[in-house]
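The following exercises are intended for a reader who is new to this structure. Each task is followed by a solution that proceeds step by step.

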Amino acid sequence: MAVTPDYLRSAAEVIGAASSLRDAAALWRARDPDMRVLVVDALDMRDETPALLLGRRRVYLATSNGHCWHVTEQPLEATALILTQD
């Protein structure tokens, strides 16, 4: 599934409204089982640009070549969401 503006809006609603970051990840995994959702420490992502800013939460788009993961600013490349919270 491509990450479209509508997809990001839906993700923002779910992730932003969840009671905790781990709940947000679980809710989005249930909604889109094909999308990888990772929760990492905010410091690990400090030099990256988030796709979504949701208060204290941030959502980054990531992709993999099968071995290494990297953050992407290209929604059509994204195969994972990385979630952080300050």
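## Exercise 1: The aromatic pair

The structure, a predicted model, holds one aromatic pair. Determine how the two rings of this pair are arranged, and where in the chain the two residues lie.

**Solution.**

Step 1. The rings belong to Tyr7 and Trp28, and their centres are 5.3 Å apart.

Step 2. Planes over 60 degrees apart count as edge-to-face. The planes of Tyr7 and Trp28 stand at 85°, so the pair is edge-to-face.

Step 3. Tyr7 belongs to helix H1 (residues 5-17) and Trp28 to helix H2 (residues 21-31). With their positions 21 residues apart in sequence, the pair links distant parts of the chain.

Step 4. Tyr7 and Trp28 are both buried.

## Exercise 2: The salt bridges

How many salt bridges does a search of the whole structure find? Describe each with its distance and its place in the chain.

**Solution.**

Step 1. The search of the whole structure yields two salt bridges.

Step 2. One of them joins Arg9 to Asp6, with the closest N and O atoms 2.2 Å apart. Both residues are in helix H1, and they are three residues apart, about one turn of the helix. Arg9 has a relative accessibility of 49%, so Arg9 counts as partly exposed.

Step 3. Another salt bridge is made by the side chains of Arg58 and Asp86, at 3.0 Å from N to O. This pair links distant parts of the chain: Arg58 is in strand S3 (residues 57-64), whereas Asp86 is in the segment after strand S5 (80-85), 28 residues apart.

Step 4. Arg58 is partly exposed at a relative accessible area of 24%, and Asp86 is partly exposed at 48%.

## Exercise 3: The nonpolar cores

Which residues touch the most other members of the largest nonpolar core, and which elements supply this core?

**Solution.**

Step 1. In soluble globular proteins, nonpolar side chains tend to be buried together.

Step 2. The largest nonpolar core has 21 residues, and Ile15, Trp28, Leu81 and Leu83 touch the most other members.

Step 3. At least two residues of this core come from each of H1, H2, strand S2 (52-54), S3 and S5. The element that gives the most is H1, with six residues.

Step 4. Apart from residues up to four places away in sequence, Ile15 touches Ala24, Leu54, Arg57, Val59, Leu81 and Leu83.

Step 5. There is also a second, separate core of five residues, among them Met45, Tyr60, Ala62 and Ile82.

## Exercise 4: The surroundings of Thr63

Is Thr63 buried or exposed? Identify the strand that holds Thr63 and the contacts that Thr63 makes.

**Solution.**

Step 1. Thr63 is placed in strand S3.

Step 2. Buried means under 20% relative accessible area. Thr63 has 10% relative accessibility and therefore counts as buried.

Step 3. A polar atom of the Thr63 side chain lies 2.9 Å from the backbone oxygen of Glu77. Leaving aside residues up to four places away in sequence, Thr63 touches Cys68, Trp69, His70, Thr72, Glu77, Ala78 and Thr79.

Step 4. S3 and strand S4 (residues 69-72) run antiparallel and are joined by four bridges. Within this pairing, Ala62 stands opposite Val71 in S4.

Step 5. The hairpin of S3 and S4 has four residues between the strands, and Gly66 takes a positive phi near 100° there.

## Exercise 5: Strand S5 and its partners

Why is S5 described as largely enclosed by the rest of the structure? State how S5 pairs with S1 and S3, and describe Gln85.

**Solution.**

Step 1. Five of the six residues of S5 are buried, so this strand is largely enclosed by the rest of the structure.

Step 2. Strand S1 (residues 36-39) runs parallel to S5, and four bridges join them. Leu38 has Ile82 in S5 as its bridge partner.

Step 3. S3 runs antiparallel to S5, with six bridges between them. Here Val59 stands opposite Leu83 in S5.

Step 4. Gln85 lies in S5 and is partly exposed, with a relative accessible area of 28%. Its side chain makes a polar contact of 2.8 Å with the side chain of Arg57.

Step 5. Not counting residues up to four places away in sequence, Gln85 touches Leu21, Ala42, Arg56 and Arg57.

Notes. Residues numbered from 1 in each chain as written. Predicted model: local features only at pLDDT ≥ 70, side-chain atom pairs only at ≥ 80, totals over all residues. Heavy atoms only, no water. Phe/Tyr/Trp six-rings, centres within 6.5 Å; stacked < 30°, edge-to-face > 60°. Buried < 20%, exposed > 50% of the residue type's maximum accessible area, 1.4 Å probe, protein only. Salt bridge = Lys/Arg side-chain N within 4 Å of Asp/Glu carboxyl O. Core = buried A, V, L, I, M, F, W, Y, C linked by side-chain atoms within 4.5 Å. Contact = heavy atoms within 4.5 Å. Polar contact = N/O pair within 3.5 Å; in protein donor to acceptor, adjacent residues only side chain to side chain. Pairing = 2+ DSSP bridges.
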